[in-house]
Amino acid sequence: MASLLVCSNLGHELRRSLKRSSEQADKMCFMAPAYASEPKSMLAKMLVEAAGADTYKRVFFTNGGAESNENAIKMARMVTGRTKIFSCYRSYHGATLGASNASGDWRRYAAEIGGANGFVHFMNPQMYRDGYTKGVDDAEVTKNIWMRWICSSDMKAPEMWQQS
């Protein structure tokens, strides 16, 4: 109820958390993302207010990480009209088809031949190991890596990157 497969609350015995989890379990143990409940409605309102109610009007709840990533991929493709998804090697996004293709773990390749298309991986910036990054902050290194990938593909660099 308070955690899923990859995340476990072992050792977390805060009385306040246990009390609230127990109170919620007495009302309803689980609520599918498509259904409304008072706690979900309250959380949605807090998220919209924190993110900026003038820009964000809705919240989309899912069951877990892989499902969240699958939906984020679909939404990004739908909104931009582009198909490429960029993600780092040495990353994990879930075990579903799209999420696992976004993952950069080499052990998954053999099982996913002919899987989802449009996934491009890049190496994570290693600030303290890579010779070409010495003296440059993380944001600049990441920007340069993204620019190399974007400029070598069919994607156009975002306007904010073109100004610098």
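**Exercise 1. Look at both sides of strand 2 in this predicted model. Which residues cover its two faces, and are they buried or exposed?**

*Solution.* Start by finding strand 2, which spans residues 119–122. Next, sort its residues by side: Phe-119 and His-121 sit on one face, while Val-120 and Phe-122 sit on the other. Now check each residue: all four are buried, so both faces of the strand are covered. Here, buried means a relative accessible area under 20%.

**Exercise 2. Find out how strand 1 is joined to strand 2. How many bridges are there, and do the strands run parallel or antiparallel?**

*Solution.* Begin at strand 1, residues 85–88. Four bridges link this strand to strand 2, and the two run parallel. For one example, go to Ser-87: its bridge partner in strand 2 is His-121. You have met His-121 before, as one of the buried residues of strand 2.

**Exercise 3. Search the whole structure for salt bridges. How many are there, and which side chains meet?**

*Solution.* The search turns up one salt bridge. Its partners are Glu-23 and Lys-19, with an N to O distance of 2.9 Å. That fits the cut-off, since a salt bridge needs the nitrogen and the carboxyl oxygen within 4 Å. Then place the pair: both residues belong to helix 1 (residues 15–27), four residues apart, or about one turn of the helix. Finally, compare their surroundings. Lys-19 counts as exposed because its relative accessibility is 56%, and Glu-23 is partly exposed because its value is 37%.

**Exercise 4. Explore helix 2 and the surface patch. Which residues form the nonpolar patch, and how far is Ser-41 from Val-59 in space?**

*Solution.* First, list the patch members: Leu-43, Met-46, Leu-47 and Val-59, which together have about 320 Å² of accessible area. Met-46 is found in helix 2 and is exposed, because its relative accessible area is 52%. Ser-41 also lies in helix 2, which covers residues 38–51. With a relative accessible area of 42%, Ser-41 is partly exposed. Now measure across to Val-59: the two residues are 18 apart in sequence and 9.4 Å apart in space, C-alpha to C-alpha.

**Exercise 5. Step back to the whole chain. How many helices and strands does it have, and what pattern do they follow?**

*Solution.* Count the elements: there are six helices and two strands. Reading along the sequence gives α-α-α-β-α-β-α-α. Then turn to burial: of the 164 residues, 24% count as buried. Last, consider the surface, which comes to about 12,500 Å², with 59% belonging to carbon and sulfur atoms.

Technical notes. Residues numbered from 1 in each chain as written. Predicted model: local features only at pLDDT ≥ 70, side-chain atom pairs only at ≥ 80, totals over all residues. Heavy atoms only, no water. Buried < 20%, exposed > 50% of the residue type's maximum accessible area, 1.4 Å probe, protein only. Pairing = 2+ DSSP bridges. Patch = residues over 30% accessible without salt bridge, like charges linked within 9 Å, V, L, I, M, F, W, Y side chains within 5 Å. Areas by Shrake-Rupley, 256 points an atom, 1.4 Å probe, with all protein chains shown as cover.
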